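Let's take a walk through this structure together, one helix at a time. Have the sequence and the 3D view open side by side as you read.

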Amino acid sequence: MLRNLETRRLLYSKSNILVRCLQSSSSSYGFSPSTTTTTLVGESPAIISKVRDVTDAVRHYGQCYWDLSKARLSMLVVATSGAGFVLGSGSSVDFAGLCWTCTGTMMVAASANSLNQVGTQYLSCSFYHVFEKSNDARMNRTKKRPLPSGRLSVPHAAIWACSIGIAGTTLLSFKANFLAAGLAASTLALYAFVYTPLKQIHPVNTWVGAVVGAIPPLLGWAAASGQISLNGMILPAALYFWQIPHFMALAYLCRSDYAAGGFRMISLTDASGRRTALVALRNSLYLLPLGYLAYDWGVTSGWFCLESGVLALSMTAMAFSFYRDRTTKGARRMFHGSLLYLPIFMSGLLVHRLTDNEQAQTETNVNIHSGLLFSETPRQETDNDYLDKKRGKESSTAIHARPPVAYASIAPFPFLPAPVYADSYL
């Protein structure tokens, strides 16, 4: 007890000494203790108000940029670009390069989606005005976007879109290569300045938009490998053919909105929905051979051929169901089914992809197998043949087996050239 009392007295005396020191220091500088306390109490609400204003502004503009960039759609674009990067990486994946490529792709995609709502006009120099602001304001699906709702000004949105677009393209050129940066710039130009105005001119905008959506995985492949090859076309082809039934179902579901917004979609001139469903069914059929082509070109193992075939058949079945039952229910089923197709297809590609060593082993096995199938009956080796081999000369009667021509030139891909196989015997 005595020790506790002594401790309390000591603390009390030290606190009194500290208070006196503070009072003496404040009085030496011309301030009284009462005015100092009053000043701090009076300024605290002002400081809290300023902090609250800054926090609200950050939250407001952050939400506006998120909505303007269509962040969820941009993240889907990043996912396809990242998948293309992994597929084009060969034996080992450069994770730093993957991160830089995904970052640059995200910035370019956000810029393109922002510029989708902002266009250009010329008045002695370039100024920006809204392309789709008034149209979006008339559509229930888009009237709450930052520009139609007035949450963000047009010049602000234009500066934001151009800044991140230039920054993303520059980042790709320095951290990846100029080929990837060029593909990113072409995507940005096609989406903002070709696809966007075409939406109000002609239904062909859907196919142009599908081309734009097919470029990001090719961008990722180019960033990883530094080139564009036939093997890198599997995922872009899947994205192109997948987008058509996906957007046909969406266009059927949102016919009234598109009509109110003034957008030219194929579903607006198709009252019965037959043509819209037929286009979706035809492009779903084009997805069927992609799994075999990925296996035949050495991109994936044979398991992916089976899985992709089952997946494409499911997509085709939903499209056929939509064709037979052209109702809102059938279109919604088609739309939801298409949302499942793409992530499963990309996951299968990544899981079953073959590295460079595995591809080389596969090509060797194919060459040996094709040599057994297409060569003549083996004859007995003569002494002259043995001498020729020993001297390093090629036998004049040797038979060079060549692999069969790939099925790339067969419909529904008549525009794709047959891949060139290297002759391992030369």
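Our starting point is Thr105, which is found in helix H4. Keep in mind as you look that the model is a predicted one. Is Thr105 buried or exposed? With a relative accessibility of 4%, Thr105 counts as buried, because buried means under 20%. Leaving aside residues up to four places away in sequence, Thr105 touches Val77, Val78, Ser81, Leu172 and Leu219.

Now step back for a moment to see the whole chain. The protein chain holds 17 helices and 2 strands. It has 426 residues, and buried ones make up 41% of them. If you take the contacts with a separation of 6 or more, 71% are between residues 24 or more positions apart.

Back to H4, which covers residues 95-115. One of its partners is helix H7, residues 154-175. The two pack at an angle of about 155°, and their axes are 8 Å apart. Why do they count as roughly antiparallel? Angles over 145 degrees fall in that class, so H4 and H7 are roughly antiparallel to each other. H4 passes H7 in a left-handed crossing. On the H4 side, the residues that meet H7 include Trp100, Thr101, Gly104, Thr105, Met107 and Val108. On the H7 side, they include Trp160, Ala161, Ile164, Gly168, Leu171, Leu172 and Lys175. Thr105, our starting residue, is thus part of this contact. Sorted by class, the contact of H4 with H7 has 12 nonpolar residues, 9 polar ones and 1 charged one.

H4 also packs against H8, this time at an angle of about 15° with the axes 8 Å apart. Here the angle is under 35 degrees, so H4 and H8 are roughly parallel to each other. The crossing of H4 past H8 is right-handed. H4 contributes Val108, Ser111, Ala112, Asn113 and Leu115 to this contact, and H8 contributes Ala184, Leu188, Tyr191, Ala192 and Phe193. How many charged residues does this contact have? There are none: the contact of H4 with H8 is made of 8 nonpolar and 2 polar residues.

Follow H8 onward and you come to another pairing. Helix H8 spans residues 178-198 and helix H9 spans residues 205-225. They pack at an angle of about 170°, with 9 Å between their axes. That angle is over 145 degrees, so H8 and H9 are roughly antiparallel to each other. From H8, the residues in this contact include Leu179, Leu183, Leu190, Tyr191, Val194 and Leu198. They meet residues of H9 including Val208, Val212, Ile215, Leu218, Leu219 and Ala222. By class, the contact of H8 with H9 has 16 nonpolar and 4 polar residues, and no charged ones.

H9 leads us on to helix H12, residues 274-285. This helix has 12 residues and reaches 17 Å from its first C-alpha to its last, close to the 16 Å expected at 1.5 Å a residue. Which residues of H12 are buried? They are Thr276, Ala277, Val279, Ala280, Leu281, Asn283 and Ser284. Their cover includes H9, along with helix H10 (234-253), helix H14 (302-324) and helix H15 (328-351).

In helix H15, look for Tyr341. Its relative accessibility is 2%, so Tyr341 counts as buried. Apart from residues up to four places away in sequence, Tyr341 touches Trp242, Leu287, Leu311, Ala312 and Met315. Tyr341 and Ala312 lie 29 residues apart in sequence, and their C-alpha atoms are 8.1 Å apart in space.

Two more stops remain. Ala83 is found in helix H3 and is buried, with a relative accessible area of 5%. Outside the four places on either side in sequence, Ala83 touches Leu235, Met346 and Leu350. Ala83 and Leu235 are 152 residues apart along the chain, while 8.5 Å separates their C-alpha atoms. Finally, find Lys70 in the loop between helix H2 (33-68) and helix H3 (71-87). Lys70 has a positive phi of about 50°, although it is not a glycine. Lys70 is also buried, with a relative accessible area of 17%.

Technical notes
Residues are numbered from 1 along each chain as its sequence is written. This is a predicted model: local features need pLDDT of at least 70, side-chain atom pairs count only at pLDDT 80 or more; totals for chains, interfaces and linings use all residues. Side-chain values use heavy atoms; hydrogens and water are left out. Axes are lines fitted to C-alpha atoms, for helices over the stretch in contact, and angles run from 0 to 180 degrees between N-to-C directions. Helices (H or I, at least four residues) and strands (E, at least two) are DSSP runs, numbered from the N terminus. Angles under 35 degrees count as roughly parallel, over 145 as roughly antiparallel, 65 to 115 as roughly perpendicular and the rest as oblique. Contact means heavy atoms within 4.5 Å. Ala, Val, Leu, Ile, Met, Phe, Trp, Tyr, Cys and Pro count as nonpolar, Asp, Glu, Lys and Arg as charged, and the others, Gly among them, as polar. A crossing is left-handed if the near helix is turned anticlockwise from the far one by less than a right angle, and right-handed if clockwise. The expected span of a helix is 1.5 Å times one less than its number of residues. Buried means under 20% relative accessible area, exposed over 50%, partly exposed in between (1.4 Å probe, protein chains only).
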